[in-house]
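The following account leads the reader through a single protein chain, beginning with one loop residue and proceeding to the interior. Please keep the sequence and the model in view while reading.

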Amino acid sequence: DSFYPQTKAEAEQIVLKANDADLTTCSLRPHLIWGPNDNNLVVKIIERVRSGRLRIVGDGMNLIDSIYIDNAVDAHLQALDRLVPGAACAGKAYFVSQGQPLPIAELLNRIVVAAGLPPVNRYISVRKAAFIGACYEIIYHLLGRTEEPPMTRFIAYQFSVPHWFNIEAARRDLDFRPRVSIDEGMQKIAAWFQSTAPGS
């Protein structure tokens with residue numbers, strides 16, 4: 001449904017195939033990175049809440065993995081420290097996350113509440129969200145617009161299905177342990193929003 005996951009998968013295969021005695025490689029798959037100063041996921045969620053456009057797709061109970069930015073950085077540094085020829089991680093791919101999947105409605109609303117806003121309680125069916133996404137895609141294509149539409153089929157499906165992953169391989173081979181919990185991360189986001197609020 002999107003070039004984004006397709007090109008990521010193709011790039012990963014290139015990286016892993018390049019692993020040899022001269023160049024040791026591995027691939028990390030951090031899922032749904034968030035944290036203070038995030039101008040992608042967090043800011044987009046808050047912008048849509050403030051404009052009244054954010055809806056929870058489906059029933060909001062699908063479990064989603066995520067990772068706080070500091071934990072994603074740690075995973076990369078731990079992989080770098082271990083990337084030598086013959087290492088257990090050489091030529092392999094690893095999911096890295098908080099290891100604590102949450103229902104998407106809970107994850108979204110924890111970010112929203114951390115920003116000082118009331119939780120989102122409006123829902124939209126997967127079918128309707130996908131239809132709206134398809135309409136946006138057609139309109140943007142016909143108008144020659146290159147920016148991402150506010151809804152796409154890819155977003156509708158991604159926000160309505162479970163996607164969480166076993167991180168035991170990263171624990172074993174990279175000694176990966178998320179040092180910043182979801183609670184701590186949300187506190188850091190709340191502090192960031194408070195420090196950037198007008199008049200603060």
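**From a loop residue to the core**

Asp175 is partly exposed, its relative accessible area being 40%. The model discussed here is a predicted one. Asp175 belongs to the loop that runs between α7 (168–174) and α8. Its phi lies near 55°, a positive value in a residue other than glycine. A positive phi is also found at Asn37, where the angle is near 70° and the residue is again not glycine. Asn37 is placed in the loop between β2 (33–34) and α2. With a relative accessible area of 59%, Asn37 counts as exposed, because the cut-off for that class is over 50%. The value of 40% for Asp175 does not pass this cut-off, and Asp175 is therefore classed as partly exposed.

The chain as a whole may now be considered. Its secondary structure amounts to eight helices and eight strands. The C-alpha trace spans about 55 × 45 × 30 Å along its principal axes. Of the 200 residues in the chain, 40% are buried. Among contacts with a separation of 6 or more, 80% are accounted for by residues 24 or more positions apart.

Turning to the interior, the largest nonpolar core has 28 residues. The residues with the most contacts inside this core are Trp34, Val42, Ile45, Ile46, Val49, Val112 and Phe193. At least two residues of the core are supplied by each of α2 (41–50), α4 (104–114) and α8 (182–196). Helix α4 provides the largest share, namely seven residues. A second core, separate from this one, consists of 14 residues and includes Cys26, Ile67, Ala79 and Phe176.

How many residues of α4 are buried? Eight of the 11 residues of this helix are buried, and α4 is thus mostly covered. They are Ile104, Ala105, Leu107, Leu108, Asn109, Ile111, Val112 and Ala114. The elements that cover them include α2, β3 (56–57), β4 (63–64), β7 (102–103) and α8. Asn109, which is found in helix α4, has a relative accessibility of 15% and counts as buried, because the limit for that class is under 20%. Leaving out residues up to four places away in sequence, Asn109 touches Ile56, Pro119 and Val120. Following α4 is Gly116, whose phi is positive, near 85°.

The packing of α4 against α8 can be described in detail. The two helices meet at an angle of about 35°, and their axes are 8 Å apart. On the side of α4 the contact is made by Leu107, Arg110, Ile111 and Ala114, and on the side of α8 by Ile182, Asp183, Met186, Ile189, Ala190 and Phe193. These residues divide into eight nonpolar, no polar and two charged. Phe193 is also in contact with Val42, Ile46, Ala114 and Ala115, when its neighbours within four places in sequence are left aside.

The aromatic residues form a further theme. The structure holds four aromatic pairs. One of them joins Tyr136 and Tyr140 in an edge-to-face arrangement, with 6.1 Å centre to centre and 80° between the planes. Why are Tyr136 and Tyr140 separated by about one helical turn? They are four residues apart in helix α5 (residues 126–143), and therefore about one helical turn lies between them. An α-helix has 3.6 residues a turn, so residues three or four places apart point the same way. Tyr136 is partly exposed, with a relative accessible area of 31%, whereas Tyr140 is buried at 10%. Trp192 and Phe193 make up another aromatic pair, which is tilted, with 4.8 Å centre to centre and 50° between the planes. Both Trp192 and Phe193 are buried.

Two arginine residues are likewise placed over aromatic rings. The charged end of Arg145 sits over the ring of Tyr140, at 4.3 Å from its centre. Tyr140 thus takes part in the edge-to-face pair with Tyr136 and also lies beneath the charged end of Arg145. The charged end of Arg29 sits over the ring of Phe95, 4.8 Å from the ring centre.

Notes: Residues numbered from 1 in each chain as written. Predicted model: local features only at pLDDT ≥ 70, side-chain atom pairs only at ≥ 80, totals over all residues. Heavy atoms only, no water. Phe/Tyr/Trp six-rings, centres within 6.5 Å; stacked < 30°, edge-to-face > 60°. Buried < 20%, exposed > 50% of the residue type's maximum accessible area, 1.4 Å probe, protein only. Lys NZ or Arg CZ within 6 Å of the ring centre and 35° of its normal. Core = buried A, V, L, I, M, F, W, Y, C linked by side-chain atoms within 4.5 Å. Contact = heavy atoms within 4.5 Å. Axes fitted to C-alpha atoms, helices over the stretch in contact; angles between N-to-C directions. Nonpolar A, V, L, I, M, F, W, Y, C, P; charged D, E, K, R; others polar.
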